[in-house]
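Biologist: I am new to this structure and would like a close look at a single part, the sheet and what lies against it. Could you take me through that part with care?

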Amino acid sequence: MNIGIVCYPTFGGSGVVATELGKALAQKGHRVHFITYSQPVRLNFVNENLFYHEVFVPSYPLFQFPPYELALASKMVDIVQNEKLDVLHVHYAIPHASAAYMAKQILRTKGINIPVITTLHGTDITLVGKDASFEPVVTFSINQSDAVTSVSADLKRETYEYFAVEKDIEVIPNFINLERFKKQPKEHFRAAIAPEGEKLLIHTSNFRSVKRVDDVVRIFDGVRQQMPAKLLLVGDGPDRPRIEKLCRELGLLSNDVRFLGKLEAVEEVLSVSDLFLMPSEKESFGLAALEAMSCEVPVISTDAGGIPELNVDGVTGFVSRVGDVDDMVKNSLTVLADENLARFKAASRARAEEFAVEKILPLYEACYQRAIDAVMAGV
Ligand code: GMT
């Protein structure tokens with residue numbers, strides 16, 4: 001197939017999923033065209049089937065808000081026509097689904113009926129999408145897509161709850177490359193940051209309020225009062241200054257809590273970690289937790305959104321109510337206890353194997369084929 005993928009090119013989960021999907025499809029022999037405003041961060045890979053098309057928004061003094069959606073729709077029209085795409089797959093509804101709708105209408109006037117697949121990732125529905133500023137457009141463009149997928153059953157439920165969506169939504173969970181995300185021998189790194197054999201806790205996110213990074217620090221503070229431990233914080237974002245201040249207030253030094261910033265090879269740091277903390281307020285799936293589990297790192301999480309569809313309570317870690325820091329401290333100590341840790345680590349990797357890219361990819365391929373067949377049949 002000749003597939004167009006539209007996504008955010010950043011470290012965010014939806015962009016990561018879209019890029020990894022495109023790479024895996026290209027390795028299977030499909031031709032994949034990324035259409036986005038800059039090179040996706042995970043597109044660090046050369047393959048004869050991968051193409052990248054940059055969306056350029058001309059600046060003009062009149063534009064207080066550059067019209068990205070229009071430039072994107074125009075680029076989609078251009079690439080569908082000239083690269084003879086079979087299907088357009090847009091990740092994150094805002095503004096990709098509505099730009100795809102516009103492109104589809106323009107292409108119709110040229111005698112081309114391109115099927116559009118929209119994948120809902122989370123905040124496009126749960127935070128931003130249902131805001132009155134976007135809701136009518138999000139509802140309309142989801143309903144106008146030829147097929148709609150969501151990354152968890154909970155996100156599907158929320159979509160039907162908050163939007164007048166009539167389309168069938170297929171749940172296709174996120175996936176993992178088990179070869180890349182596997183425990184690597186990085187003991188020298190571990191010895192450097194935890195020289196006394198301290199337990200290593202880790203959190204990766206975009207440091208936005210929905211991630212509750214304050215709770216990460218408070219959980220760590222509770223744990224280290226009971227056992228020697230260190231915390232690794234990967235990623236960056238608007239809450240970081242507040243988190244640094246909280247660490248100082250709690251007397252946590254830079255040797256106790258390491259801010260590592262945005263990392264490309266996050267699997268190397270996960271490989272030396274013992275416990276992943278995800279105390280999020282909302283999380284449609286929790287891709288960062290799946291990456292950790294694949295590297296044999298158990299997860300302490302909340303029960304928000306789709307996380308319980310991934311993190312199995314009492315098996316791959318534990319699930320607590322949002323904000324229940326005491327419970328997450330207690331659960332962390334259970335997982336980290338020497339007599340339990342190996343069991344939780346093995347169970348985490350085994351659970352991650354259920355989300356192997358080889359298992360999930362055919363679900364997307366089948367979805368594309370059904371949409372192509374329906375459009376060809378004029379349905
Ligand atoms: O979590 C974020 O803030 C980033 C966001 C995104 O859209 O890039 O992630 C969402 O999509 C990921 C991939 O499907 C999911 O694993 C995350 O759970 C989801 N985030 C939220 O629902 C808050």
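Modeller: What follows is a description of the sheet and the helices that lie across it. This is a predicted model, in which local features need pLDDT of at least 70, side-chain atom pairs count only at pLDDT 80 or more, and totals for chains, interfaces and linings use all residues. Residues are numbered from 1 along each chain as its sequence is written, and side-chain values use heavy atoms, with hydrogens and water left out.

The sheet is open and has seven strands, in the order β3-β2-β1-β4-β5-β6-β7, with parallel pairing; strands here are DSSP runs of E with at least two residues, helices are runs of H or I with at least four, and both are numbered from the N terminus, while two strands pair if DSSP finds at least two bridges between them. At the edges stand β3 and β7 (169–171), each of which pairs on one side only, and from one strand to the next the twist averages 25°. Within this sheet, β4 (residues 87–91) and β5 (residues 116–120) pair in the parallel sense over four bridges, and His-91 stands opposite Thr-119 in β5.

Across β1 (2–6), β2 (31–36), β3 and β4 lies helix α1 (residues 13–27), which runs at about 155° to β2; contact means heavy atoms within 4.5 Å, and angles run from 0 to 180 degrees between N-to-C directions, with axes fitted to C-alpha atoms, for helices over the stretch in contact. Helix α2 also lies across β1, β2, β3 and β4, at about 160° to β2. The loop between β3 (50–54) and α2 (68–82) holds Tyr-60.
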